[in-house]
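Work through the exercises below with the coordinates open. Try each task before reading its solution.

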Amino acid sequence: MSVGCVILACTLLVGASSGSKAGQPLKPPCRPGFTQNFYTVIVSRDVLHGQSILKAPSLSVSAVKFEDCQHSREVDFVSSDPNFSVRPDGMVYAEQEVANLSEPVQFMVTARALRDPHIWETTVKLAPAGHPHPLPLTKVGIEEMLSRVWDSQPRVIKFSRKHQRSSSVNGLRRQKRDWVIPPINVPENSRGPFPHMLVRIRSDQDKDVGIRYSITGAGADQPPSGIYNIDPISGNMFVTQPLDREERASFHLRAHAVDMNGNQVENPIDLYIYVIDMNDNRPEFQNQVYNGSVAEGSKPGSSVMQVTASDSDDSTTANGMVCYRILSQTPHSPIPNMFTINSKTGDIVTVAAGLDREKVSEYTIIVQATDMDGNLNFGLSNTATALISITDINDNPPELTVKTFSGEVPENKVNVVVTNLTVVDRDQPHSPNWNAVYRIVSGDPSGHFTIRTNPITNEGMLTVIKPVDFEMNRAFMLTVVVSNQAHLASGIQSSLQSTAGVTISIQDVNEPPVFPVNPKMIRFEEGVPAGTTLTVFAAQDPDHFIHQIVRYSKLSDPANWLKINRTNGQITTMALLDRESMYVKNNIYEATFLAFDNGKSGSPQASGTGTLQIYLIDVNDNAPVLIPREAQVCERARPNSRVNITASDADADPNVGPFVFELPSFPTSMRRNWTISRLSGNYAQLRLRIPYLEAGVYEIPVIVSDSGNPPLSNRSLIRVKVCPCDDNGDCSTTEAVAAAGLGTGAIIAILICIIILLSMVLLFVVWMKRREKERQAKPLLIDPEDDVRDNILKYDEEGGGEEDQDYDLSQLQQPESLDHIINKPAGVRRVDERPVIAESQYPVRPSLPHPGDIGDFINDGLRAADNDPTAPPYDSLLVFDYEGSGSTAGSVSSLNSTSSGDQDYDYLNDWGPRFKKLADLYGGGDDD
């Protein structure tokens, strides 16, 4: 019989948890994995007995599910039994024909996601109908399992025997399937004592040979190692420490039996150990404080927020099932229970109407999460705080504080606040529901006023934006309406207090006189004589209700041509009006005049200005002029040797060109030697008529006339330099100088000036040389032998030392005797070396002298110093610089330090008490 794929009587349904949609409550946090750790599938014995599973497609259950929290994650399933496999869609099928299922079949299914190192495991057991099977992993089942497994005597697990039978067809020996060991359930957080025996593993062959038992796998010899161990002799398997299901929920171990030589005696058996969950973890909120909001006036059932708590215990049991409830609400307004919470999802919604932000702006709710499906007697609880803010809606229209406002403003003033409109709005300050918008609905057709909103106080500032005339309007009656930036909420009507009246009084002020036409333009011909009346430039006083006198004065008259009558504003000329004046721009002359009233009681004078523009009509009063005034031509007539002449006229059209150019008839040489021809209306050309003209400077008179009526003429002189030219038609340098009128006399004068200047420089140099020689010839003050300047040595020369220098070194040595000093002739002597004679003996002052002996002591010291030739300064005659002869100062050595008995010291008495002691010592007369 061929091997086929048979759909087994169980299906792995891969469920994908989806996020909540709008308007639907959110589900608890998704945890990927199998929904149960152990699945038992009961298969009818009658159906399977003696029949092929391929013929039983109707068998199906939906007891095995896998939760995949990511929709796009692909999960692969692997079976530990090679006879069974799992399809990607979760369907379990048989890899080969199963002829008889008289005993339960148990295998492990492992789930692994792509690019995810995490692995999920579950156990599937196929049991025929009527065969005893373990209780399901419910709360009651767990309690009963704990009582059976943990508290009862450990069971013995034996290695299955290898039964063989002969095939009647081909004589092949077929091995019977080994028993599948049911899982071992161990409760977490057990108090021991440890190690605690779980099961005993033994082989039927332990009577014949010595058996050694061992276990392998995670928890035994693999990390986390040491949790389980086995006695190799007795086969007793122990757990050595408390287990924590939240760290590891199941273990897969393999038991081995070998003889004393290490040879395998039995095939290894699989041991599945499941940690039974205990309620040892409280629900934990994701946040300790949650913030939510709901609009005021919301209807019951409006969603506010969601709180979420998670429990680390098994979510498939009551230990991990969390329920929510509200413990308290603060404040209790308008009722204590304004909100409720969904016990499963944690969604908080409103249950009553009456939320009003203006009364209560925030609620504080204490939420409790309890596991054990909310059982307060057995479940563990935790709390969190939910802060619910009541958001504002525009349910309060703005209301003006009074029905009528009033204010006053001076006329002709702009950007002046007339009055402030105050408003009250109970909505959220500085929000669109609170910000006021003011409108003027009547009373201001010309748009003189506007209302601006103060962003801080929300007041309306009624402001003048267009000047108001008291003579036209003495008062205004306005109607204003106030509203919000945001529209009023549905069902809220505007208040009658949103409309008010505003009375505005206009204050009369002294307005300045106004010129009706400003600026005023008049037209006159230039050249009108002084005293001519041009116009009357009068102003009007806008204050019609007060009679005032207007006076005039001149404010600006650049050329000082005009004057104005102080009483009636009549404008008269004081000088000739000239269109060609520098003060006339584009034929217009401007002057400014001042009109002022006499003021009314309590108000100063008011003045206004007016501008008079005089358009001056041109008359032919300026003769044309020619440019250039100087030119040069070659002495021989050439085609390019010509002078271009341009005529200009200060007048305006038609009193300008075309101009007429001509040469005068006298002297006759002008027309004989020169000719002039007009090129265009403003240009003419002057050139030689004859082939050759002697070089020189010629003044050619040219008569030019304009086109005025009558025309004006002007006789202009053009200075023409005639000079020899080179081949290019340019004047040569020397000839040009001669042609410029520089005669022989001028050249001689220039040369004489140059000679005189050179002579003065030469004389100055000779005088300086002579003065230098005279200064060098002056004699020295001292004997050349004693000139100390001879002793200056030059040390910047490198050589062999003093022996290589031609100097008299004896001058630097101390003499052996004083003969050369004593025998020296009279005059200035050198005493710049210390004499080698016995020094004089100076008197010794006693340690305690009598005051009267001080004078004697000083006199004795003075006499000893006078007679001591070795006393310093013996170098006082050194000459450091020569300042020339004829000095009125004597030599320093002429100072004599000998005392004279004829000196009078009585004048010391006149110097005051500070010099009294000296006066007593030296002014005592003969006693000294």
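## Exercise 1: Placing a threonine

Thr308 has a relative accessible area of 16%, so Thr308 is buried. The model is predicted.

**Task.** Find where Thr308 is located in the chain, and how far the C-alpha atom of Thr308 is from that of Asp347.

**Solution.**
1. Locate the element. Thr308 sits in the loop between strand S22 (303-306) and strand S23 (309-310).
2. Take the C-alpha atoms. Those of Thr308 and Asp347 are separated by 8.7 Å.
3. Check the sequence. Thr308 and Asp347 are 39 residues apart along the chain.

## Exercise 2: The disulfide

**Task.** Identify the disulfide and state its handedness.

**Solution.**
1. Apply the cut-off: two cysteine sulfur atoms within 2.5 Å make a disulfide.
2. Count. The rule gives one disulfide.
3. Name the pair. Cys634 and Cys725 have sulfur atoms 1.9 Å apart.
4. Place both ends. Cys634 belongs to strand S46 (residues 630-634). Cys725 lies in the loop between strand S52 (713-723) and helix H4 (733-739). The two are 91 residues apart, and the pair links distant parts of the chain.
5. Read the torsion. About the S-S bond of Cys634 and Cys725 it is about -105 degrees, so the disulfide is left-handed.

## Exercise 3: Sorting cysteines

**Task.** Are Cys634, Cys323 and Cys753 buried or exposed?

**Solution.**
1. Set the limits: under 20% is buried, over 50% is exposed.
2. Cys634 has 4% relative accessibility, so Cys634 is buried.
3. Cys323 has 9%, so Cys323 is buried too.
4. Cys753 has 51%, so Cys753 is exposed.

## Exercise 4: The nonpolar cores

**Task.** Describe the largest nonpolar core and the strands that supply it.

**Solution.**
1. Size it. The largest nonpolar core has 27 residues.
2. Find the residues with the most contacts inside this core: Ile201, Ile215, Tyr228, Met237 and Leu271.
3. Trace the strands. Those that each supply at least two residues include S13 (184-187), S14 (196-202) and S19 (264-276). S19 gives the largest share, five residues.
4. Inspect Leu271. Beyond neighbours within four places in sequence, the contacts of Leu271 include Ile157, Ile181, Phe251 and His252.
5. Look elsewhere. Another core, of 24 residues, lies apart from this one; Tyr290, Ala309, Leu355 and Ile390 are among its members.

## Exercise 5: The whole protein

**Task.** Summarise the protein by its elements, burial and contacts.

**Solution.**
1. Count elements: eight helices and 52 strands.
2. Assess burial. Of the 928 residues, 34% are buried.
3. Take contacts with a separation of 6 or more. Residues 24 or more positions apart account for 66% of them.
4. Add the surface. About 55300 Å² is exposed, with 52% supplied by carbon and sulfur atoms.

How values were computed:
Residues numbered from 1 in each chain as written. Predicted model: local features only at pLDDT ≥ 70, side-chain atom pairs only at ≥ 80, totals over all residues. Heavy atoms only, no water. Helix = DSSP H or I, 4+ residues; strand = E, 2+ residues; numbered from the N terminus. Buried < 20%, exposed > 50% of the residue type's maximum accessible area, 1.4 Å probe, protein only. Contact = heavy atoms within 4.5 Å. Areas by Shrake-Rupley, 256 points an atom, 1.4 Å probe, with all protein chains shown as cover. Core = buried A, V, L, I, M, F, W, Y, C linked by side-chain atoms within 4.5 Å.
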